[in-house]
Amino acid sequence: MTATIIPAVPDPTTLDWNNLGFQYLKTPLRYRAHWRNGAWQAGELTPDAQVHISESSTALHYGQQCFEGLKAYRCADGSINLFRPDQNAQRMARSAARLLMPAVPAEMFIDACQQVVRANQAYLPPYGTGGSLYLRPFLIGVGDTIAVTSAPEFIFGVFALPVGAYFKGGLTPSHFVVSDYDRAAPNGTGAAKTGGNYAASLLPHQQAAERHFADCIYLDPATHTKIEEVGAANFFAITQDGKKFVTPKSSSILASITKYSLLTLARERLGLDTEEGDVYIDRLSDYSEAGACGTAAVIAPIGSILYGDTLHTFGTGTEAGPITGQLYNELVGIQYGEKPAPADWIVKVQ
Ligand SMILES: *Cc1c(COP(=O)(O)O)cnc(C)c1O
């Protein structure tokens with residue numbers, strides 16, 4: 001018998017809230033539910049952070065799995081906000097449909113998130129640290145089968161870990177390089193939040209990182225002329241006249257909830273025009289600002305993009321543009337309960 005090394009749960013009073021990064025940290029309880037005989041069984045919280053599954057599980061061999069990422073935020077009054085968990089539930093249902101998995105009902109998804117946050121409240125970074133409790137829901141095909149078919153059983157889990165502020169002391173632009181690889185095929189699984197897309201992105205990311213870029217930018221897989229995604233984040237840009245928020249439209253992009261939230265705020269709070277359309281890689285001079293957006297960073301301003309031998313720099317390349325800054329402040333203010341939220345964007349943890 002070999003012993004499995006199981007990480008201990010750290011004492012929350014020993015955590016340095018201001019210097020948390022984005023790394024796995026075991027918290028006391030996580031949610032698990034099983035789908036068997038055609039139905040979801042009642043889920044429960046468990047201290048067991050290991051997943052015990054058949055060696056033949058489709059999640060291990062055929063990539064039948066998908067996941068989500070969202071955060072819980074501690075507000076000034078001590079209450080806890082979840083940001084648009086219904087959107088994550090809907091997106092996971094779309095990913096599941098594409099991968100022939102049973103959807104987790106939205107009520108069950110949101111209830112699981114609520115339970116996990118409540119059970120691990122001591123690990124929620126205090127208000128003012130810029131940290132949050134990151135939730136990772138996942139859905140995997142499991143059970144005894146070796147045929148290339150959908151799994152006989154599924155597990156839905158949600159675990160939580162405290163994460164730090166992505167930017168400490170102001171938004172700092174990052175530098176990106178256009179990849180020769182594709183992240184997803186035109187009619188493939190790009191719109192599903194599934195591990196296979198991430199497996200395909202590990203090598204391009206490493207090659208970009210070796211060249212000291214933050215990540216790579218993927219072009220549309222059919223023509224390689226338009227920006228699709230920035231690593232595992234969506235792309236947006238602001239036109240030179242400062243009047244329009246533009247973001248790529250494509251069936252192989254993962255629909256970022258942050259991106260659609262920014263799009264709404266750009267229109268309703270900043271009074272900008274918005275467009276989901278084509279962002280040609282050889283027309284970057286049409287834009288004064290650009291950014292990558294997703295739950296992890298909210299916005300990572302883009303300082304420059306290297307495309308072949310051509311380096312395009314946005315502004316000075318060393319500071320975030322004014323509209324990027326306004327969008328960031330507006331969205332983060334809503335998440336921490338400092339600014340009024342559009343209807344249904346905030347769900348309080350009860
Ligand atoms: C999760 C993800 C994003 C960001 O989505 P958010 O809902 O904003 O966190 C963007 N691109 C890819 C490929 C993703 O997996």
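**Notes on the ligand site and the enclosed spaces**

1. Let's begin with the largest cavity. Strand E5 (70-74), helix H2 (85-98) and helix H5 each supply at least two residues of its lining. Of these contributors, E5 gives the most, with three residues. Please keep in mind as you read that this is a predicted model.

2. How much space lies in the largest cavity? The volume comes to about 90 Å³. The lining is made up of 13 residues, and Leu70, Phe83, Thr258, Thr295 and Gln335 are the ones nearest the centre of the cavity. Sorted by class, this lining holds five nonpolar, six polar and two charged residues. If you are counting enclosed spaces, there are three cavities of 30 Å³ or more.

3. Now to the largest pocket, which is the space taken by the ligand. Strand E12 (233-239) and helix H5 (257-268) are the elements that give two or more residues to the shell around the ligand. Helix H5 is thus worth a second look, as H5 also supplies at least two residues to the lining of the largest cavity.

4. The volume of the largest pocket is about 1,000 Å³. Its lining consists of 40 residues, with Tyr198, Gly231, Ala232, Ala233 and Ala296 lying nearest the centre. Which helix gives the most to this lining? That is helix H4 (residues 195-210), with five residues. By class, the pocket lining has 22 nonpolar, twelve polar and six charged residues.

5. Who are the ligand's neighbours? There are 14 residues around the ligand, and Lys193, Tyr198, Ser256, Thr258 and Thr295 come nearest. Some of these names appear elsewhere in this note: Tyr198 is among the residues nearest the centre of the largest pocket, while Thr258 and Thr295 are among those nearest the centre of the largest cavity. The shell around the ligand divides into five nonpolar, five polar and four charged residues.

6. For the polar contacts, have a look at three residues in the viewer. In Lys193, an N or O atom of the side chain is 2.7 Å from an oxygen atom of the ligand. Arg91 also uses its side chain, placing a polar atom 2.8 Å from a ligand oxygen. With Ile257 the contact is through the backbone, where a polar atom lies 2.9 Å from an oxygen atom of the ligand. Is the ligand mostly buried or exposed? Taken alone, the ligand exposes 380 Å², and the protein buries 96% of that.

Conventions
Residues are numbered from 1 along each chain as its sequence is written. This is a predicted model: local features need pLDDT of at least 70, side-chain atom pairs count only at pLDDT 80 or more; totals for chains, interfaces and linings use all residues. Side-chain values use heavy atoms; hydrogens and water are left out. A residue is near a molecule or strand if one of its heavy atoms lies within 4 Å of it. A polar contact is a pair of N or O atoms within 3.5 Å; within protein, one must be able to donate a hydrogen and the other to accept it, and residues adjacent in sequence count only if both atoms are side-chain atoms. Accessible areas come from the Shrake-Rupley method with a 1.4 Å probe; for residues, only the protein chains shown count as cover. On a 1 Å grid over the protein atoms alone, a cavity is a set of points where a 1.4 Å probe fits but cannot get out, and a pocket is an open set with protein on both sides within 12 Å along at least five of seven lines; lining residues have an atom within 4 Å of a point. A molecule sits in a cavity or pocket if more than half of its atoms lie within 2 Å of its grid points. Helices (H or I, at least four residues) and strands (E, at least two) are DSSP runs, numbered from the N terminus. Ala, Val, Leu, Ile, Met, Phe, Trp, Tyr, Cys and Pro count as nonpolar, Asp, Glu, Lys and Arg as charged, and the others, Gly among them, as polar. Grid points are joined across faces, edges and corners, and a volume is the space filled by probe spheres set on the points.
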